[in-house]
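Colleague: I should like to go through this model with you, one question at a time. Please give the reasoning before each result.

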Amino acid sequence: MTFKRFALTLVTVASIVFSVNAQKTIVDIAVGSKDHSTLVAALKAADLVSTLQGSGPFTVFAPTNAAFAKLPAGTVDNLLKAENKATLAKILTYHVIAGNFTAATVLKAIADAKGKLSLKTVSGANLLASLKDGKVILTDEKGGISTIVATDLAAGNGVIHVIDTVVLPN
């Protein structure tokens with residue numbers, strides 16, 4: 001095989017892999033992450049799986065299992081109960097913004113907003129994005145702070161940014 005043919009084959013394989021990954025939904029990516037099993041369970045309990053498998057685009061601030069573990073003891077188990085479905089859905093949709101906002105887009109918007117950017121979530125409430133020590137932090141309506149620890153996990157219907165603390169609406 002010539003170098004030119006090898007390079008062409010490599011480019012073709014890479015584009016196929018990228019195309020396949022880009023077709024995964026936000027839910028598919030979360031399901032494939034061992035660090036997001038609590039989020040996946042919560043999405044199922046709140047009947048939000050089909051919504052986040054929709055066309056979007058969505059930007060999701062996805063709390064890790066460790067983020068959920070920071071909540072007071074028993075909180076997650078209580079929220080997963082059928083009678084708390086509406087409350088759980090409100091909390092989860094507070095982690096979602098309509099549109100596809102990459103890390104670069106968020107950083108530029110924070111700079112354009114003079115350091116503090118208000119983000120309207122799908123739940124109808126606001127999150128405040130700002131920078132601290134070079135990292136994007138989210139401040140929820142209760143004053144809680146979460147740091148974005150991983151960015152730009154691309155899906156076919158949006159993007160995921162991983163956060164270290166669950167953000168809570170009023």
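Modeller: Before we begin, please note that this is a predicted model. For contacts with a separation of 6 or more in the protein chain, I examined the part played by residues 24 or more positions apart. Their share of those contacts is 65%.

Colleague: How many helices and strands does the protein chain have, and what percentage of its residues is buried?

Modeller: The secondary structure of the protein chain consists of eight helices and seven strands. A residue counts as buried when its relative accessible area is under 20%. Of the 170 residues in the chain, the buried ones make up 39%.

Colleague: What percentage of the accessible surface belongs to carbon and sulfur atoms?

Modeller: The accessible surface of the protein chain amounts to about 9300 Å². The part of this surface that belongs to carbon and sulfur atoms is 62%.

Colleague: Which elements give two or more residues to the lining of the largest cavity?

Modeller: The whole structure contains two cavities of 30 Å³ or more, and the largest holds about 40 Å³ of space. Its lining consists of Ala103, Val106, Val136, Ile148, Thr151 and His161. By class these are four nonpolar, two polar and no charged residues. The elements that supply two or more of them are helix H8 (103–112) and strand E6 (145–155).

Colleague: How does the lining of the second largest cavity divide by class?

Modeller: The second largest cavity encloses about 30 Å³. Ala42, Phe68, Val76, Leu79, Leu80 and Leu88 form its lining. The division by class is six nonpolar, no polar and no charged.

Colleague: Which element gives the largest share of the lining of the largest pocket?

Modeller: The largest pocket, with a volume of about 180 Å³, is lined by 18 residues, and Ala30, His36, Leu39, Ala62 and Ile160 lie nearest its centre. The lining comprises 15 nonpolar, three polar and no charged residues. At least two lining residues come from each of helix H2 (26–31), helix H3 (37–45), strand E1 (58–63) and strand E7 (158–163). The largest share, four residues, is that of E1.

Colleague: Why do the buried residues of H3 lie on the same side of the helix?

Modeller: The residues in question are Leu39, Val40, Ala42 and Leu43. They lie on the same side of H3 because the arc they cover around the axis is only 160 degrees.

Colleague: Against which elements do the buried residues of H3 pack?

Modeller: Two of these buried residues, Leu39 and Ala42, have already appeared above: Leu39 is among the residues nearest the centre of the largest pocket, and Ala42 lines the second largest cavity. The packing partners of the buried residues of H3 are H2, helix H4 (49–52), E1, helix H5 (65–69) and helix H7 (85–93).

Colleague: What is the phi of aspartate 47, which follows H3?

Modeller: Aspartate 47 comes after H3. Its phi has a positive sign, and the value is near 55 degrees.

Colleague: Is threonine 147 buried or exposed?

Modeller: Threonine 147 belongs to strand E6. The cut-off for a buried residue is a relative accessible area under 20%. Threonine 147 has a relative accessible area of 17%, and therefore it is buried.

Colleague: Which residues are in contact with threonine 147, leaving aside its neighbours within four places in sequence?

Modeller: One of its contacts, Val136, is also in the lining of the largest cavity. With the neighbours within four places in sequence left aside, the residues in contact with threonine 147 are Lys135, Val136, Ile137, Val162, Ile163 and Asp164.

Methods
Residues are numbered from 1 along each chain as its sequence is written. This is a predicted model: local features need pLDDT of at least 70, side-chain atom pairs count only at pLDDT 80 or more; totals for chains, interfaces and linings use all residues. Side-chain values use heavy atoms; hydrogens and water are left out. Buried means under 20% relative accessible area, exposed over 50%, partly exposed in between (1.4 Å probe, protein chains only). Contact means heavy atoms within 4.5 Å. Accessible areas come from the Shrake-Rupley method with a 1.4 Å probe; for residues, only the protein chains shown count as cover. On a 1 Å grid over the protein atoms alone, a cavity is a set of points where a 1.4 Å probe fits but cannot get out, and a pocket is an open set with protein on both sides within 12 Å along at least five of seven lines; lining residues have an atom within 4 Å of a point. Grid points are joined across faces, edges and corners, and a volume is the space filled by probe spheres set on the points. Ala, Val, Leu, Ile, Met, Phe, Trp, Tyr, Cys and Pro count as nonpolar, Asp, Glu, Lys and Arg as charged, and the others, Gly among them, as polar. The arc is that of the directions from the helix axis to the C-beta atoms.
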